[in-house]
Every structure is written in structure tokens, then in C-alpha cells.
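Colleague: Could you walk me through a few features of this model? I'd like the cut-offs along with the answers.

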Amino acid sequence: MILPKNPRLTPEQLTEVTAIVTEFGCKIQPIIGAVRTIYAIVGDERDELMINRLEGLDYVDRIDRIQSPFKLMDLRSDLANGRLTIGGVTLGRELFVIAGQCTIDPKNPNYFYETAQAVKEAGAHVIRGGVWKPRTNPYAFQGDTKSLDILMEASRRTGLPADTEVMEEEHIRLALDAGVTLLQIGARNALNYSLLRAVGRAIGNRADRAVLLKRSIHMGPISEFISAAEYIAAFGNPNIILCPRGTSPAPDGYRNHPDESITPLLKEKTWAAVVVDPSHSVGKAAYVPACALAAVAYGADGLCIETHVSPSHGIGDDPKQALTPEVLAKTIRQAKQLWALRHAS
Ligand code: PEP
Ligand code: MN
């Protein structure tokens with residue numbers, strides 16, 4: 001990793017370092033952070049001769065040689081100095097809440113508009129709504145690109161940034177073009193390395209877009225989760241939020257095995273903000289508030305909670321696991337109190 005003395009390299013300096021690393025069979029990937037741009041050396045970056053030449057350049061502050069399988073996501077990486085701000089909230093400074101429907105029903109857009117307004121009043125900072133849905137059954141409703149307009153209309157009406165899941169490169173393009181702020185990589189695609197690369201590349205240096213990376217249902221070691229995030233960062237976009245959402249197998253009665261307890265482990269290894277999704281963890285509205293509070297107790301920076309003005313009229317997961325706006329409001333109030341307790345000096 002090349003750390004320049006100034007916030008970024010000039011085009012001439014970039015040409016010079018690119019020429020040096022190319023001689024050694026490597027490439028440069030700029031990673032534009034909140035404070036400065038750093039330059040990942042992609043390839044075998046251990047050649048001492050190359051490192052010496054780069055260290056000798058008077059505009060290079062230092063070459064960071066973090067011995068970590070996830071150099072960019074590592075807590076010691078230079079990217080740890082930046083913080084994400086979304087929907088007016090700087091993550092880590094106040095509890096961050098994403099809320100909204102699992103799935104937008106394109107036949108009933110008013111439910112979504114009402115949900116968006118209600119989650120805003122309940123204190124959410126981002127409106128979520130599934131446009132394209134990964135469904136276990138191929139005959140189940142798969143989502144509808146028309147819902148993207150509904151999502152963005154709700155975002156305009158409320159002023160809340162939008163979050164939606166992308167499952168293909170085409171979705172990434174459509175979502176970015178429409179103005180979606182938070183691109184969600186779902187549990188089923190968190191191990192889809194070509195999609196991770198694509199989202200890193202597509203967002204690139206845009207500071208106004210970020211990725212909410214869910215933990216895969218089947219991820220084992222924490223490092224597998226962080227490495228998935230490293231893919232996104234290594235291909236150009238460091239605006240990443242990690243989202244534990246329950247794993248498999250689940251204890252009887254829960255949809256998944258709640259995994260908010262990995263939050264301190266993630267925070268020990270990486271600088272990324274952690275936003276827990278209690279809805280998919282426990283999978284039943286009655287259990288969601290407890291799981292949300294547990295997440296805050298474990299040190300989560302935020303929550304992603306499925307909410308619907310009328311859950312029984314929802315589709316996808318909403319009838320089972322969406323909170324009503326009233327329960328969401330109470331959960332956010334309590335979570336904020338717990339957050340304050342946890343952050344009191
Ligand atoms: C969702 O957020 O509605 C969703 C499908 O989540 P996950 O990828 O965690 O299952
Ligand atoms: Mn869902």
C-alpha cells in the first residue's frame with residue numbers, strides 16, 4: 001500500500017509509481033478514502049527492490065506492509081481514519097438506523113410510501129425496500145425493476161437515502177443510475193466474488209455511495225466475512241458496512257442463528273462499521289426488538305430493521321418479521337438509550 005505525503009498523488013506521480021510497479025508485474029488500485037487516497041499494489045507486492053524504489057520517491061510518505069489477509073479492511077490500515085456519513089449520520093458517532101419493507105409490492109406502492117414516511121417519523125435514517133429479491137423458490141415473486149421508481153419516489157418524498165439489494169451487475173448499474181445510496185449485497189451473494197468485485201468497481205471513488213454487506217448464512221470464520229469486504233475495497237470502494245444477519249443452522253424457533261455477538265470480534269479486526277440486521281436473524285417480529293437491543297449492547301453502530309405500516313399486507317418476509325412503525329419507534333428509542341449508556345465515559 002502506497003501512502004502519499006499529500007492527500008493524493010498528482011497524475012504525473014501516479015504515472016511514475018504505476019510505471020515502477022508495472023516493471024514488477026503489479027498494478028495500482030487507488031482507494032479513495034474520506035481523508036486521503038491510498039494506492040493498493042495489486043499483485044505480488046513483496047519484491048524488496050520495488051519497495052525500495054517506491055520508498056525512495058520524495059512524495060511517498062511510506063509503504064504500508066500490513067501482514068494481514070485483509071490489508072485494506074484491517075484495523076491498522078490507513079482507511080481506518082475515515083468515517084462514513086449516510087443520511088446525515090456519521091457512523092460510530094450516533095446510532096444509525098435503516099428501516100423499511102423487505103419487499104416493495106409494485107402493485108401497492110402506497111404501502112411503501114406510507115412505510116417510508118412512518119420509518120422516518122420513527123427515527124430511521126435510511127429507507128430500505130427490496131426491488132429484486134433472492135427467493136428460495138423460483139416460482140415465488142422475484143421482485144420487479146418497476147419497484148426501483150417506487151423506492152426512489154419514497155426517497156424523494158421523505159428525503160431519506162435509499163437502500164436496496166443488488167444481485168447482478170445490471171442491478172448495480174440500475175441502482176446507481178437511479179440514485180440508490182446504499183447497495184446491499186445479500187446473504188446469498190456475500191460469497192459471490194465476481195459480484196463483490198463488480199460492486200467495488202462500479203462504486204469506485206464515489207464518496208456518496210456505500211455497500212451494506214450481509215454475512216453469508218454459511219460463512220464460518222470471521223475472516224471469511226472480512227475477506228468478502230476486502231474484495232469490495234480492493235476493487236476500489238472502501239465505503240463498506242458489515243451486516244451480521246444470522247447464520248445457519250438456527251435454534252428451533254428462530255429463522256437463523258442470531259450472530260450479533262460477533263460485533264466485538266469484527267471490531268477487533270477491522271475498522272468497518274457494523275450494522276446488525278435482527279429481522280433476518282430471528283425472523284419473527286416478536287423477537288426482533290430484543291435482538292436489536294442485544295446488537296447495540298454488543299457494540300453495533302446501527303440496525304437494519306424490516307418495517308411495514310401493515311405487515312399482514314406485505315409480501316416477502318414482511319408478514320412474518322416486519323415491525324409496525326410503532327414498535328420500530330419504541331425499539332429505536334430504547335436502542336438509543338442503550339447506545340448512550342454504552343458510549344458514556
Ligand atoms: C433482505 O434484506 O430482505 C434479505 C433478503 O436479506 P438477506 O440477504 O440477509 O437474506
Ligand atoms: Mn427480507
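Colleague: At what angle do helix H5 and helix H6 pack, and how far apart are their axes?

Modeller: Happy to help. This is a predicted model, in which local features need pLDDT of at least 70, side-chain atom pairs count only at pLDDT 80 or more, and totals for chains, interfaces and linings use all residues. Residues are numbered from 1 along each chain as its sequence is written, and side-chain values use heavy atoms, leaving out hydrogens and water. With helices taken as DSSP runs of H or I with at least four residues, and strands as E runs with at least two, numbered from the N terminus, H5 covers residues 169-178 and H6 residues 193-203; they pack at about 25 degrees, with axes 10 Å apart.

Colleague: Is that roughly parallel or roughly antiparallel?

Modeller: Axes are lines fitted to C-alpha atoms, for helices over the stretch in contact, and angles run from 0 to 180 degrees between N-to-C directions. Under 35 degrees counts as roughly parallel, over 145 as roughly antiparallel, 65 to 115 as roughly perpendicular and the rest as oblique. H5 and H6 are therefore roughly parallel.

Colleague: Which residues of H6 meet H5?

Modeller: Contact means heavy atoms within 4.5 Å. From H5 come Glu169, Ile172 and Leu176, and they meet Leu195, Ala198, Val199, Ala202 and Ile203 in H6.

Colleague: Which strands close into the barrel, and in what order?

Modeller: Two strands pair if DSSP finds at least two bridges between them. One such pair is E9 (residues 162-165) with E10 (residues 182-185), joined by 3 bridges; here Asp163 has Leu182 as its bridge partner. The pairing in the barrel is parallel, and its 8 strands follow the order E7-E8-E9-E10-E11-E12-E13-E14.

Colleague: Is Val119 buried or exposed?

Modeller: Val119 sits in helix H3 (residues 109-122). It touches Ala99, Gly100, Ala124, Ile127, Leu160, Thr307 and Leu328, not counting residues up to four places away in sequence. Buried means under 20% relative accessible area, exposed over 50%, and partly exposed in between, using a 1.4 Å probe and protein chains only. Because its relative accessibility is 0%, Val119 counts as buried.

Colleague: How far apart in space are Val119 and Glu326?

Modeller: In sequence, 207 residues separate Val119 and Glu326. C-alpha to C-alpha, their distance in space is 9.1 Å.

Colleague: Which residues does Ser147 touch?

Modeller: Ser147 lies in helix H4 (residues 147-158), and it counts as buried because its relative accessibility is 0%. Leaving out residues up to four places away in sequence, Ser147 touches Ile104, Pro106 and Val131.

Methods:
Chains are lettered from A and ligands numbered from 1 in the order in which they are written.
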